[in-house]
There are 2 protein chains.
Amino acid sequence: MKLNTKSRYAVMALADMSKFPLDSPVSLRDISLRQSISLLYLEQIFLKLKKNEIVKSVRGSNGGYVLRKDPKNIKLSEIFQAVDQKVKTVGCKKDSKKGCNGKSAKCITHELWDELDLYINNFFENKNLSDLLMTKERKN
Amino acid sequence: MKLNTKSRYAVMALADMSKFPLDSPVSLRDISLRQSISLLYLEQIFLKLKKNEIVKSVRGSNGGYVLRKDPKNIKLSEIFQAVDQKVKTVGCKKDSKKGCNGKSAKCITHELWDELDLYINNFFENKNLSDLLMTKERKN
DNA sequence: TATATACCCGACTAAAATAGTCAAGTATTA
DNA sequence: TAATACTTGACTATTTTAGTCGGGTATATA
């Protein structure tokens with residue numbers, strides 16, 4: 001079970017942004033250099049973050065991206081939903097032809113995966129960007 | 001974040017086996033039919049389960065596989081480790097050349113992924129095969 | 001107003017992982 | 001001696017991932 005780089009880079013980049021004054025735009029070029037993430041790839045990622053209203057863009061020179069909310073109020077779950085589709089460990093389709101129509105005898109493990117998804121989502125629901133910045137301080 | 005079919009099928013197959021008398025061998029053919037999993041693929045999976053001493057094989061006609069332990073004592077974490085490598089959401093190599101050598105400024109999110117791994121592994125550590133069989137009964 | 005900066009966006013691609021299949025066995029029981 | 005069922009390594013098609021490329025557009029500032 002692996003996390004893809006898109007989700008990972010998204011969190012890294014946003015965490016990076018959180019460390020700078022929140023009102024002035026941060027350019028992808030800077031993030032790219034600081035975090036060693038390809039600029040072109042970052043652009044792709046930020047397009048999604050923008051569409052999902054996590055950041056807004058400021059065009060032109062000295063432009064960049066700005067967080068739309070206080071890092072304290074940006075949950076990791078939002079970020080994941082924006083770049084990845086969602087944490088969905090297994091694709092037991094509702095209308096599948098073979099087995100697993102919800103409660104069939106076949107899909108004994110159906111409930112397990114549902115439970116797992118909830119469990120993992122719960123982790124991301126309860127973490128926000130500012131949590132990442134404090135290393136040993138208490139969560140506020 | 002997705003689970004692969006190998007892990008999923010392994011759990012399904014073993015859960016299936018748990019529903020039958022534990023001392024008589026269950027053939028992969030039967031599991032294949034009941035769970036709609038390719039027989040050839042099951043063979044590959046059971047090879048790993050056997051190597052990791054979760055099941056043992058009984059050759060010849062009327063043969064099949066037998067669980068080596070009571071389902072109550074087979075943790076899902078064992079199964080995952082047997083077929084998949086492990087839950088390791090991110091590959092921040094210890095000796096990486098670019099960034100992230102444990103505590104570097106770059107890898108702000110390093111601790112996060114470690115925490116996530118622990119969290120998920122915890123889920124699998126605390127579930128065993130027999131948990132899957134009881135739908136609404138209390139965990140014993 | 002020119003130019004550099006930086007976002008915008010769809011299409012493309014190489015590489016890796018996944019999800020199997022195939023072939024050619026061996027062991028055991030009825 | 002069939003038939004059943006495990007054994008094993010190699011092979012392959014498909015999908016996903018992790019990016020790259022090219023050609024834009026908008027804006028600040030010199």
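**Group meeting: S130(A) and the surface near DNA strand D**

Okay, let's start with S130(A): if we skip its neighbours within four places in sequence, it is in contact with P71(A) and K72(A). Keep in mind as we go that this is a predicted model. In chain A, S130(A) sits in helix α6, which covers residues 129–133. So is S130(A) buried or exposed? It counts as buried, because its relative accessibility is 16%, and the cut-off for buried is under 20%.

Right, over to the DNA. There are 28 residues around DNA strand D, and the ones that come nearest are S38(A), Q44(A) and R59(A), along with K50(B) and Y65(B). By type, that surface splits into 15 polar, 8 nonpolar and 5 charged residues.

Which elements supply it? From chain A, α1 (5–18) and α3 (39–51) each give at least two residues. From chain B, so do α2 (28–35), α3 (39–51), β1 (55–58) and β2 (64–67). The top contributor is α3(B), with 4 residues.

And what part of the strand does the protein meet? Of the strand D atoms within 4 Å of the protein, 72% belong to sugar or phosphate, and the rest to bases.

A few polar contacts for you to look up on the screen. On the phosphate side, a polar backbone atom of T5(A) is 3.0 Å from a phosphate oxygen of strand D. Then Y9(A) uses its side chain: an N or O atom there is 3.1 Å from a phosphate oxygen of the strand. For the bases, look at S61(A), where a backbone N or O atom lies 3.4 Å from a base oxygen of strand D.

Methods
Residues numbered from 1 in each chain as written. Chains lettered and ligands numbered in written order. Predicted model: local features only at pLDDT ≥ 70, side-chain atom pairs only at ≥ 80, totals over all residues. Heavy atoms only, no water. Near = heavy atom within 4 Å. Polar contact = N/O pair within 3.5 Å; in protein donor to acceptor, adjacent residues only side chain to side chain. Nonpolar A, V, L, I, M, F, W, Y, C, P; charged D, E, K, R; others polar. Buried < 20%, exposed > 50% of the residue type's maximum accessible area, 1.4 Å probe, protein only. Contact = heavy atoms within 4.5 Å.
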